[in-house]
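The following note sets out points for a colleague who is examining this model. The points are numbered for ease of reference.

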Amino acid sequence: MTSASPLRDLRIRADRLCQSLLELAQIGATPKGGVCRLALTDLDKQGRLWVVEKARRLGLEITTDQIGNTFMRRPGKNAQLPPVMTGSHIDTQPTGGKYDGNYGVLAGLEVIETLIDHEIETEAPIEVVFWTNEEGSRFTPVMMGSGVFAGAVTLEHAYGASDTAGKKVKDELQRIGFLGEQTPGEHPCGAYFEAHIEQGPVLEHQDKVIGVVPAVMGLRWFDCTVKGFEAHAGPTPMDIRIDALQHATSIMQKVVAIANEFKPHGRGTVGMVQVFPNSRNVIPGQVQFSIDIRHPDSVILEKMTALLKDYIAQVSSEKSIAIDLKEVSYFPPCNFDANCVDTIRQAAIDLGYSQMDVVSGAGHDAIYMNRLAPTGMIFIPCKDGVSHNEIEDAKSEHLEAGANVLLHSMLAFAKPVTN
Ligand SMILES: [Zn+2]
């Protein structure tokens, strides 16, 4: 084959990709059209076996590591080169959709099938991976498989995680036949690409087909506890009561105000509130609530945190009340590899798709892979920006476009063999 020209016209098969997505979605299908395939359940096992069987039919080499991450490899001409990898996850939320995660895995297999159809050999091997327990719905932490692979979570910690019934990750891996022998991370990776539905409304709103993801927002989670003094709502005059809820709500308002100060990427959310004693005629004595703040720039995320802490200190001293702020989770912002990001953008342009940069507000396995290898992500629109919901939907032409961008981005790294 001569260089580039015939490859420019190379396209994946949308009908085949959509059919695969629909078939996999039947495993754990819910009455409302969604999917429930929680990590390491019997249904996850069936889903995994379905994907592995598909990979076998394509003649791929399959390996599984000790946390159940499963790699499906098409050899390259040069076995010394690290593989160019793609993938995502096939576990879902309890009321999840057909595309979150599944799209990234099946788009990867569609890329390989396209290369096989056209007898295109690559210099570097190409691999598709599905990571264990990305969703974190049954077992925490989230992004467990890729986290262990990247060394951010220890194998012992992951193995020890248990679900609400007390079942442990290691036992469940063994039970479903996916406790592999390969040490996580002892598996080279030359570059990693992940195609994913956006899970937000930006692409649809801007009427763009491809989201080029330069970064993922960093996040800080806090638990905040405001202590007041419980007293009868009637006899206690307004100026001598200590109402924990009134002070808590002023902090909640501040969380949102801080996010608004750093538009367009700032995020501030209070999603969980507990009021004690939660009685109609008792002045609240204690309020606990969650704070979630996000931004893709670590300096700004730091500043948002400082503003929050300053405000809490001010409320605490002015009102002489005890307020406790405890950080419970921190993910630093993730900036993807400039070369991968540019390659994705260029592929979208060359293929004639409209595109724009979209900063991801949600976590993905690609965040951990970015620590190990040059990494990039491709987003496609999802209907009304909705995911983690049974009504999650994506258009076939968008599924096709994202997979074509994935194909050409991976080829740019794996290098087609030219004879
Ligand atoms: Zn996902």
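Is Ser 146 buried or exposed? The first point takes up this question, and the later points turn to other parts of the model.

1. The structure is a predicted model. In this model Ser 146 has a relative accessibility of 0%, and therefore counts as buried, the cut-off being under 20%. The residue belongs to helix α5. Its side chain comes to 3.5 Å from the backbone oxygen of Met 143. When neighbours within four places in sequence are set aside, the contacts of Ser 146 are Asn 69, Trp 131, Asp 365 and Tyr 368.

2. The zinc ion has three named protein donors: His 89 through NE2, Asp 100 through OD and His 196 through NE2. These donors lie 2.0 to 2.3 Å from the ion. The spacing of the donor residues along the sequence is H-x10-D-x95-H. Distant parts of the chain are linked here, as His 89 is in strand β3 (residues 84-89) and His 196 is in strand β5 (residues 191-197), 107 residues apart. Both His 89 and His 196 are buried.

3. Helix α4 covers residues 102-117, and its geometry can be checked by a simple calculation. At 1.5 Å a residue, its 16 residues should span 22 Å; the C-alpha atoms at its ends are 22 Å apart, so the model agrees with the expected value. Of the 16 residues in α4, 14 are buried, and the helix is thus mostly covered. Just after α4, Glu 119 adopts a positive phi of about 50°.

4. The whole structure contains 19 salt bridges. One of them joins the side chains of Arg 138 and Glu 172, with N to O at 2.8 Å. This pair links distant parts of the chain: Arg 138 is in the loop between β4 (126-131) and α5 (144-149), whereas Glu 172 is in helix α7 (residues 169-175), 34 residues apart. Both partners fall under the 20% cut-off for a buried residue, because Arg 138 has a relative accessible area of 15% and Glu 172 has a relative accessibility of 4%.

5. Glu 172 also forms a salt bridge with Arg 175, at 3.0 Å from N to O. Here the two residues both lie in helix α7, three residues apart, which is about one turn of the helix. Arg 175 counts as partly exposed, at 40% relative accessibility.

6. A further salt bridge is formed by Asp 357 and Arg 345, whose closest N and O atoms are 3.1 Å apart. Strand β14 (residues 355-357) holds Asp 357 and helix α11 (residues 338-350) holds Arg 345; the two are 12 residues apart, and the pair links distant parts of the chain. Asp 357 is partly exposed at 39% relative accessibility, and Arg 345 is partly exposed with a relative accessible area of 22%.

7. Salt bridges also occur as a network, which links Arg 16, Lys 54, Glu 110, Glu 113 and Asp 117.

8. Nonpolar side chains in soluble globular proteins tend to be buried together. In this model the largest nonpolar core has 97 residues. The residues with the most contacts inside this core are Ile 67, Tyr 103, Leu 109, Val 169, Ile 210, Leu 399 and Val 405. Helix α13 (residues 396-414) gives the most to the core, contributing nine residues. With neighbours within four places in sequence left aside, Tyr 103 has contacts that include Leu 17, Leu 21, Ile 380, Leu 399 and the zinc donor His 196. Another core, of 23 residues, lies apart from the largest one, and Ala 244, Ala 248, Ala 259 and Ile 291 are among its members.

9. Which helix holds Gln 346? Gln 346 lies in helix α11, the helix that also holds Arg 345. Gln 346 is partly exposed, with a relative accessible area of 41%. From Gln 346 to Asp 171 the separation is 175 residues in sequence and 45 Å in space, C-alpha to C-alpha.

Conventions:
Residues numbered from 1 in each chain as written. Predicted model: local features only at pLDDT ≥ 70, side-chain atom pairs only at ≥ 80, totals over all residues. Heavy atoms only, no water. Helix = DSSP H or I, 4+ residues; strand = E, 2+ residues; numbered from the N terminus. Expected span 1.5 Å × (residues − 1). Buried < 20%, exposed > 50% of the residue type's maximum accessible area, 1.4 Å probe, protein only. Salt bridge = Lys/Arg side-chain N within 4 Å of Asp/Glu carboxyl O. Donors = N, O, S within 2.8 Å, 3.2 Å for Na, K, Ca; no water. Polar contact = N/O pair within 3.5 Å; in protein donor to acceptor, adjacent residues only side chain to side chain. Contact = heavy atoms within 4.5 Å. Core = buried A, V, L, I, M, F, W, Y, C linked by side-chain atoms within 4.5 Å.
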